[in-house]
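Good morning, and thank you for the opportunity to speak. Please look at the structure on the screen while I describe a ligand, the pocket around it and the backbone.

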Amino acid sequence: MDFFRLLARGTKLDDTAAFTEKEKLVEDEDKLARSLDFFHTHTVSALDARQIAPKHEAEPESHEPVIPYGKSKITGPDVPHPLTEFKDLASRFQVSESLISRIRFPAPTQIQSEAIPGMLHDRDILACAPTGSGKTLAYVLPITHILVKQQQNSTGGIRALILVPTKELAVQVSEAFTILTRGTTTFKVNVLTKSLLARLKSETGTKAGDVLISTPLRLVRALAVLDFDSVRHLVLDEADKLFDPAFAPQTDDILAHLRGKTLQKTFLSATLPSSIETLALSLMTTPLRILISPGRAAATVAQNLIYAGSEAGKLLAIRQMLKTGELTPPVLIFVQSVERANALFHELVYDGVNVDVIHGERTETQRRAVVERFKRADVWVLICTDVLARGVDVHGVNLVINYDVPQSAQAYIHRIGRTGRAGKEGKAVTFFTKDDVESVKIVINVMKESGCAVDEWMTRLGKVDKKTKKQLKRKPVERDDISTQPKRRKRKNHSKGED
Ligand SMILES: Nc1ncnc2c1ncn2[C@@H]1O[C@H](COP(=O)(O)OP(=O)(O)OP(=O)(O)O)[C@@H](O)[C@H]1O
């Protein structure tokens, strides 16, 4: 494996110039595609999305989205004209001035510009758009408008159900609703917490809220006490995750409870494997399918690979980064297990780093507190498992380190998507050793797909076959313990209770 030696130097793979060149090519491709678009399944780029012929509304003024992205494809019957400015929501959809005034952004992002009119035209939406591109507001805004408008007719039941894979994301989505509904006292948005679940079970008359946000695991425990009669909107945020084996039984159960109801369905993610896309489409009625740079990492993230040699080499690399100032906080470090998260935490605490750790074995309260402290910059380096890989939006994360190579392209795209959000630049570094000979190919492939310039040896590595991909997803790579201490000594320390 000659290439591993080559990698000891570390490989920088960011190339913004190449990406700009690529965008130019995309623009030319788009022009050609439009002239050949006999079936009107038009393919547009961010640069000319506004030129789509309007279906029903008057031509709005043109306006560049603040966060431009690469190639997009919007398919489905009667694609509504994109929204170019938030203020147009008043004339096109009678959205109140007070709601528009609560939007903190100057212009919609590309996904918002396509999805918001779609949702306000009561369409089912299947959307794939890069991490950090504003997918949350793309559904929170239209749902808020619709529900507030119909508030007087409300019978007090749940009207929008939002499923997300983690508690952290549930809280974050509820905060997005809070910003838009501040002052509208009658409108209730709830996260299905343990305590709300207990109250729903023990106190008759407890209301779940107009909008209920939950993880599938928690929601299935509440199915017996919840009334879904008034539900009209169903959102699956991080839809591909919600259909993967860890969540599929619960998600299916919930969908079964909603069967037969007239629902607007909105499924979104930054990654949408084709099998999931087919499944999602089969559950929808004449959906709008919005694909923006599908399968790619956010273009704002500079991606690096570092060959660390061994597990001890990874620790040394982190310590080196600390010394050289490369570890500019806030930093997120992803590892593959709870055990490794705790081990790395103890190593870095010992080094005097302002560090904390979050994983599925910490309590809900601890997890909330850690995320809050990281958001407030009270914690500079946060070690985490994949519980933080999806959806979580912390402003200004400078660097994501994959201490352990992630087990799939989707995990990689979501992890590194915690930086480079909302048009800001970010960096991602992935450590690898000889143990990662297969999984590193997956990372390299995403780098290539995302427009990063890659070294020649990387182009020769080839792709991982389907069987290996499946195995990697199922079972993480076996690794030596995280420690710079010689193994024998470590065992001795452990028996003395020093670890
Ligand atoms: N129109 C906009 N202009 C500028 N920033 C925006 C806009 N809309 C949302 N944002 C900000 O962009 C950031 C990312 O948004 P959001 O969390 O919705 O991304 P996402 O697409 O859901 O990402 P992920 O796939 O990682 O979940 C947030 O901080 C949000 O406040």
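I shall begin with the ligand, continue with its pocket, and end with two points of backbone geometry.

Please keep in mind that this is a predicted model.

Let us start with the ligand. How many residues surround the ligand? There are 23 of them, and the closest are Q112, G132, K135, T136 and D393. By character, this shell divides into eight nonpolar, nine polar and six charged residues.

Three contacts deserve individual mention. At A107, a polar backbone atom is 2.8 Å from a nitrogen atom of the ligand. At G132, a backbone N or O atom lies 2.8 Å from a ligand oxygen atom. At E238, an N or O atom of the side chain is 3.3 Å from an oxygen atom of the ligand. As for coverage, the ligand taken alone exposes 640 Å², and the protein buries 92% of that area.

I turn now to the pocket. Rolling a probe the size of a water molecule over the atoms shows where empty space is left. Where does the ligand sit? The ligand sits in the second largest pocket, which holds about 1,000 Å³ of space. Its lining is made up of 43 residues, and those nearest the pocket centre are R104, F105, D393, H395 and R421. Two or more residues of this lining come from each of α6 (135-149) and α7 (167-181). The element that gives the most is α7, with six residues. The lining as a whole divides into 16 nonpolar, 15 polar and twelve charged residues. You may notice that D393 is among the residues closest to the ligand and also among those nearest the centre of the pocket.

Finally, the backbone. Most residues other than glycine have a negative phi, and most peptide bonds are trans. Which peptide bond is cis here? The bond from P329 to P330 is cis, with omega near -5 degrees. P330 belongs to the loop between α13 (311-324) and β12 (331-334). The second point concerns Q94, which is not a glycine but has a positive phi of about 55 degrees. Q94 is located in the loop between α3 (88-93) and α4 (97-101).

Thank you for your attention.

How values were computed
Residues are numbered from 1 along each chain as its sequence is written. This is a predicted model: local features need pLDDT of at least 70, side-chain atom pairs count only at pLDDT 80 or more; totals for chains, interfaces and linings use all residues. Side-chain values use heavy atoms; hydrogens and water are left out. A residue is near a molecule or strand if one of its heavy atoms lies within 4 Å of it. A polar contact is a pair of N or O atoms within 3.5 Å; within protein, one must be able to donate a hydrogen and the other to accept it, and residues adjacent in sequence count only if both atoms are side-chain atoms. Accessible areas come from the Shrake-Rupley method with a 1.4 Å probe; for residues, only the protein chains shown count as cover. On a 1 Å grid over the protein atoms alone, a cavity is a set of points where a 1.4 Å probe fits but cannot get out, and a pocket is an open set with protein on both sides within 12 Å along at least five of seven lines; lining residues have an atom within 4 Å of a point. A molecule sits in a cavity or pocket if more than half of its atoms lie within 2 Å of its grid points. Ala, Val, Leu, Ile, Met, Phe, Trp, Tyr, Cys and Pro count as nonpolar, Asp, Glu, Lys and Arg as charged, and the others, Gly among them, as polar. Grid points are joined across faces, edges and corners, and a volume is the space filled by probe spheres set on the points. Helices (H or I, at least four residues) and strands (E, at least two) are DSSP runs, numbered from the N terminus.
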